[in-house]
Amino acid sequence: MQDYLVLTASVITSGLLIGTIYAVVAAGLSLIHGTILMPQASNGQIFLGSGLLLWLFTTQLGWPLWTAIPAVLLATIALIFILESIIFSRFYQNADRSITYLVLTLGLAQIFSGLYSGTFGKISDTFSVDPPVRGLAFLEPTPLPNARLLAFAAAAAVLCALIAFLRFHRVGRSLRAVFQNREVARLRGINTVSVYRLALGLGTAVSSVGGILYAFAFTIDLTVGWTMTLITFAIMIVGGPGSVLGALCIGLIFGFTQAIVSVFADPTIATFAYLLAMLIMLFIRPNGLFTR
Amino acid sequence: MKDLHALLILSFPVLGLFAGDHGLVTFIVGLVFINMLLASGLNLLYGFSGLIPFTFAGIAGISAYICANLVIRAGWAFWFALPIGCIAAAVVGLLLSFPAIRLRGFYFALSGLVIQSALTIAFVYFPAYTNGDTGITSIPKPVVAGMPVASPWFELLIGAAAAIGAGGVALLMRSRIGSTLIAIREDEDLCRALGIAVTANRCLAFFLASLMAGLGGAIYAHFVGFISPRGFDVLVSLNLWLMVAVGGRGTVTGPLLGALILTPLPYVFQQYSWLKDVIYGAAIIAVVIFLPGGLQSITFRKSA
Amino acid sequence: MTSQQPLFQATAISKRFGGLQALVDVDAAQRPDELLGLIGPNGSGKSTFVNIMSGTLKADRGEVWLQGQVISGMPQHEVARAGLSRTFQAIKIFRELSIMENVTAGLLGHGIGPAAALERAREALDRVGLVSDTTLKAGRLGLFDQRRLEFAMRLVARPKLLMLDEPVGGLNPEEIRAMIALITALRDQCGIFIIEHTMKVITSLADRVMVFVNGRKLIDDKPSVVLRDRAVIETYLGA
């Protein structure tokens, strides 16, 4: 009996943890696609890159966390805005920009992938970051690493803050207005281009935070980028592009699925399930479950 | 005239075969021919039908794994395993296209990504047939009259396959089916109103393209002698697409030119193998930006 | 009885979109020798009716026959093959292809060999009066010529019924007159069914006019009768 309790507790906790991190990254992706109609296929690489940069700043350069974390976020946001002005902004007016952006960001992902292999990849296969808290919290009935507890709490906080921002803040509301109805938003005088930039910056920052939290909770390897891209795309499509709530719910569901499957078999089997779910959604309801 | 161009580009790599006995150069020549074949097949879908098929590499992989297994485990001769691999690839390609074929542009591409990812995962997680991530090694060269085919005959044979592939596509595109595919690419709704069975034609294009993917995949397996899931993943599909886009989609010479230019690149930077990804990625971005109107003007024209 | 068999017949056509009832129990028919017109204000269900006839949409209830053959429920391309061709409100041609390629495209779904196709294409272009160099890109043509091309693309397949959806949209008065003349000249090629929202065009062409309002058929009679009908006048002047 005790064993089952421990098992269940461990499934619940790991499900919650990985689920909220999935949700955070998926929320970033979803925000960008929902607003700009840009499927950001390199989002997973940015997620990975954030974790790698954090490792670089803390482990190699010895920076304290309160310097390193803002540095990572700043670097990531700066990069995305450079990319935006050189590349992304050219296609804002195109009607069929989604497919253009898909191919573009896949190319970008390939560049990142190559760069990581050529730089970080030469140093090591895996990367661990020292989390801000150590030790274990002894919650009945399983001990939990404090780092993971922190990661979960932080991820949950980010998601709540994001949802609140979109629902209650003036700027957040204009974001939602754009992804609910582009034409109407423009007629109401909302400057769509600055909203696009906001969505891009915010979405990328959120995904970057996801990468940082992931680095605290787990060990990173270079394949994590593509895996995250795949999973978060699936979450976005099933939950509905633009819906942070959708990203949250579906992210959690996927997280739990993975945790449960890990007990019996290789967690990659769970990935099959996500892909199948995504495919089914594409065929019957491409707008996802949570968008009207 | 255009046929002459095609023939010229096809013959160019043959020069490499005479450039001394550098194993690497000969190897690259073979790869160029394989990519010419694969890119021509992808062109059938992208250039002429207006669909970006991200599943292309995975389908080639299916043929590669089937062929390799038949030869190594079941002791079949390459020449018998090859058609099986090709047909299997064509059938799978056709089946995989069914549900997606009704989706428009972006969603079709997305579903292709999903299916390709599933295929890569399948390649890794059915180690009984694929040996997982480690891949299958020591795939023997095809045997003719008791002897394994040696360079440069093997490369010339592959060149012939590439020529047949490109020629087949050329003939197809000049036929009524070709005109139909082009019309569908331009405006599928108008085609339906004119009595053209859009879905059936697309399925045919998929079947034929998958056949070529299968041919290329099986040849690749026996030429390189080693296959792994990484060799047939999303990036491979993307890079084959790049070859077509760079060379000029919707023409017979385009994929040939693209394959010729892009295939040797990673070997120029042998020491910096990661550079290949950076260069290909940058080329993809460049191609998308500098083509007028971006991708949308050269992919299927979604009706207003 | 074949001479009296209607060119097309639609019975009890109904279609709902979510909360909106677009068509309610509509009956319509066209005799082989007449040019039928359909008018109605925006939102009256005209487009929905045309889409149902051409197979773009499926009706919730009701059936459509083309010369005695059931076509309701057939996919679009099969309806076109059965002999019912339609044009669109917004001009739809293959802009990047040549004029000749456009016209021969009209036969791609009909199994005609390339030599015969070329022959028919020239014939069709002749009939619609399109004299431009056929190697020109279709997108270069002026608006009226693009409409002519659209007609040629349909005529080449020798349809039984040609449905024209607001063919005079965007044309100037002189072009409208030419269009009316062209459509009149095409009457001996195939049955014609015109959908319009301007009274004038319809009344100068149609032998019989149907008026749709709010998804229902209000009246179905000769133009002179329709023009004097109280309800019709209210709809068009009161709207």
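Contact is taken here to mean heavy atoms within 4.5 Å, and axes are lines fitted to C-alpha atoms, for helices over the stretch in contact, with angles running from 0 to 180 degrees between N-to-C directions. Helices (H or I, at least four residues) and strands (E, at least two) are DSSP runs numbered from the N terminus. The structure is a predicted model, in which local features need pLDDT of at least 70 and side-chain atom pairs count only at pLDDT 80 or more, whereas totals for chains, interfaces and linings use all residues. Residues are numbered from 1 along each chain as its sequence is written, chains are lettered from A and ligands numbered from 1 in the order in which they are written, and side-chain values use heavy atoms, with hydrogens and water left out.

In chain C, an open sheet of six strands has mixed pairing and follows the order β6-β7-β8-β3-β9-β10, two strands being paired if DSSP finds at least two bridges between them. Strands β6 (84-86) and β10 (216-221) of chain C stand at the edges with a single partner strand each, so one side of each is left without a neighbour in the sheet. From one strand to the next the twist averages 20 degrees. Helix α5 (residues 143-155) of chain C lies across β6 and β7 (161-165) of chain C, and its direction is at about 155 degrees to that of β7(C).

Strand β3 (residues 36-39) of chain C is joined to strand β8 (residues 191-196) of chain C by four bridges, the two running parallel, and C:Leu36 has C:Phe193 as its bridge partner in β8(C). With strand β9 (residues 208-213) of chain C, β3(C) likewise pairs in the parallel sense over four bridges, and here the partner of C:Gly37 is C:Val209. The residues of β3(C) point alternately, C:Leu36 and C:Leu38 one way and C:Gly37 and C:Ile39 the other way, and all are buried, that is, under 20% relative accessible area, where exposed means over 50% and partly exposed lies in between (1.4 Å probe, protein chains only). Strand β9(C) is in turn joined to β10(C) by five bridges in an antiparallel arrangement, in which C:Val213 is matched with C:Arg216 of β10(C).

A further open sheet of chain C consists of four strands in the order β2-β1-β4-β5, with antiparallel pairing. Its edge strands are β2 (20-30) and β5 (69-70) of chain C, each of which pairs on one side only. Helix α1 (residues 46-54) of chain C packs on this sheet, touching β1 (8-17), β2 and β4 of chain C, and its direction makes about 120 degrees with that of β1(C). Strand β4 (residues 61-66) of chain C runs antiparallel to β5(C), to which two bridges join it, and C:Val70 of β5(C) is the bridge partner of C:Trp65.

Two pairs of chains are in contact, of which chains A and B share the most contacts. No contact joins chain A and chain C, whose closest C-alpha atoms lie 14 Å apart. The contact between chains C and B takes 20 residues from chain C and 18 residues from chain B. The area buried between them, defined as the accessible area (1.4 Å probe) that two parts lose on being put together, summed over both, is about 1,700 Å², with carbon and sulfur atoms giving 64%. C:Lys92, C:Phe94 and C:Leu108 supply 37% of the area that chain C buries against chain B, more than any other three residues. One salt bridge is found across this interface, the criterion being a side-chain nitrogen of Lys or Arg within 4 Å of a carboxyl oxygen of Asp or Glu. The side chains of B:Asp187 and C:Lys92 meet in a salt bridge at 3.1 Å, N to O.

In chain A, helix α4 (residues 97-118) has 22 residues and reaches 31 Å from its first C-alpha to its last, close to the 32 Å expected at 1.5 Å a residue, the expected span being 1.5 Å times one less than the number of residues. Helix α4(A) is mostly covered, with 20 of its 22 residues buried. A:Leu289, in the segment after α12 (268-284) of chain A, is partly exposed, with a relative accessible area of 45%. Not counting residues up to four places away in sequence, A:Leu289 touches A:Val238, A:Gly239, A:Gly240, A:Ile250 and A:Met281.
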